[in-house]
Amino acid sequence: TIVLNDIRMDEERDLVDAAYGSREHLPFDVTICRDLTVEELKEQLTRDCNFFHYIGHTELDGFECTDGKLDVADLDHIGVDAFFLNACSSYHQGLELIKAGAIGGIVTLTDIINTEAVRMGECIARLLNSGFPLQAALTIARDQSILGGQYIVVGDGGTILTQAESRTPNLLEVTPCDDGFTLNIMTFPTDTAGLGSIYTPWIEDINEYFLTSGYLDTFEVDNDSLQEFLELEDVPVRDTSGDLFWSQSVSLSDLR
């Protein structure tokens, strides 16, 4: 469920709506709500929901709605499993969601700038949709915003929204060299592929198996091999400047 209660962040609503459930072989239902009243937001929080993405404004005493504020501490129960409260100072309301039975979520510690919130919102949504756990998604996304340090995880940071196509979510770090590129693959554990799981990159001439998680190794690949590998699965790719791309939409020239 995506709730937009701040019209200034309408861009984020469009971006995250396009991200969640976008995988062809793993669709899921996405409900979008906007400009909710206190009673309407209460209804959304108390109905069963795997993931709740809130875009708007919060304060210590509650979520801002069109007719007042809703304090999660006043709710008898909630139906939300995991959440992302992309709103100013959402830490306290996030803690109340955990106390009320949610498993884990991402919150903010202070006020955040709308443009940076949109950047973080899109990045985290894409990472979660690709199978990254909450903490891993936030760790990667933090480097993409000047306000990344204001976001933290509450509850269980290992919570996942969906399973990665390769079972093991991974981040590629690509560096150009004379004969092609060097490739570092960083893997992240999940509840379905924990520490010690076996992973092997589908790259010609690489026949070794590696234990996850963390960095597997540094591989030297030519242009064609890297291009084929990037097209296998849509995963985050970080270049030497620290910029984040997505494997199925980045060109090799972007990485040089």
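This is a short walk through a predicted model, one selection at a time.

**Stop 1: the largest nonpolar core**

Start by selecting Ile106, Ile124, Leu127 and Tyr151. In the largest nonpolar core, which has 34 residues, these four touch the most other members. Now colour the elements that each supply two or more residues to this core: β1 (2-4), α1 (10-19), β3 (49-59), β6 (80-88), α4 (114-129), α5 (134-142), β8 (151-155) and β15 (244-246). Which of them gives the largest share? That would be α4, with seven residues.

Zoom in on Ile124 next. Setting aside residues up to four places away in sequence, Ile124 touches Phe84, Ile106, Leu138 and Ala141. Apart from this core there is another one, made of 23 residues; to find it, select some of its members, including Val3, Phe52, Phe63 and Cys65. As background, nonpolar side chains in soluble globular proteins tend to be buried together.

**Stop 2: helix α5**

Select α5 and show its side chains. Which of its residues are buried? They are Leu134, Ala136, Ala137, Leu138, Ile140 and Ala141. Bring up the surroundings and you'll see what these buried residues pack against: β3, β7 (104-108), α4, β8, β9 (170-177) and β15.

**Stop 3: aspartate 239**

Go to the loop between β14 (236-238) and β15, and pick out aspartate 239 there. This aspartate is buried, yet it has no salt bridge. How far away is the nearest side chain of opposite charge? It belongs to arginine 238 and is 7.3 Å away, whereas a salt bridge needs the nitrogen and oxygen to be within 4 Å.

What does the side chain of aspartate 239 reach instead? Draw a distance to the backbone nitrogen of aspartate 243 and you should get 2.9 Å. Leaving out neighbours within four places in sequence, aspartate 239 is also in contact with Val174, Phe245, Asp254 and Leu255.

**Stop 4: a round of salt bridges**

The whole structure holds eight salt bridges, and here are some to click on.

- Select glutamate 43 and arginine 47: their side chains form a salt bridge, 2.8 Å from N to O. Glutamate 43 is partly exposed at 42% relative accessible area, and arginine 47 is partly exposed too, at 37%.
- Move to lysine 69 and aspartate 61, whose side chains meet in a salt bridge of 3.2 Å, N to O. Lysine 69 is partly exposed at 37% relative accessibility; aspartate 61, at 41%, is also partly exposed.
- Then go to α4 for arginine 119 and glutamate 116, a salt bridge with its closest N and O atoms 3.4 Å apart. The two sit three residues apart in the helix, so about one helical turn separates them. Arginine 119 is partly exposed at 42%, but glutamate 116 is buried, with a relative accessible area of 10%.

Before you leave, add Glu59 to Asp61 and Lys69: salt bridges with shared partners link these three into one network.

**Stop 5: lysine 42**

Finish in helix α2 (residues 38-46), where lysine 42 has its place. Is lysine 42 buried or partly exposed? It is partly exposed, with a relative accessible area of 34%. Beyond residues up to four places away in sequence, lysine 42 touches Leu70 and Leu75.

For a last distance, select aspartate 71 as well. Lysine 42 and aspartate 71 are 29 residues apart in sequence, and their C-alpha atoms are 9.2 Å apart in space.

Note on methods: Residues are numbered from 1 along each chain as its sequence is written. This is a predicted model: local features need pLDDT of at least 70, side-chain atom pairs count only at pLDDT 80 or more; totals for chains, interfaces and linings use all residues. Side-chain values use heavy atoms; hydrogens and water are left out. A nonpolar core is a set of buried Ala, Val, Leu, Ile, Met, Phe, Trp, Tyr and Cys residues joined through side-chain atoms within 4.5 Å. Buried means under 20% relative accessible area, exposed over 50%, partly exposed in between (1.4 Å probe, protein chains only). Helices (H or I, at least four residues) and strands (E, at least two) are DSSP runs, numbered from the N terminus. Contact means heavy atoms within 4.5 Å. Lys and Arg count as positive and Asp and Glu as negative; His and the chain ends are not counted. A polar contact is a pair of N or O atoms within 3.5 Å; within protein, one must be able to donate a hydrogen and the other to accept it, and residues adjacent in sequence count only if both atoms are side-chain atoms.
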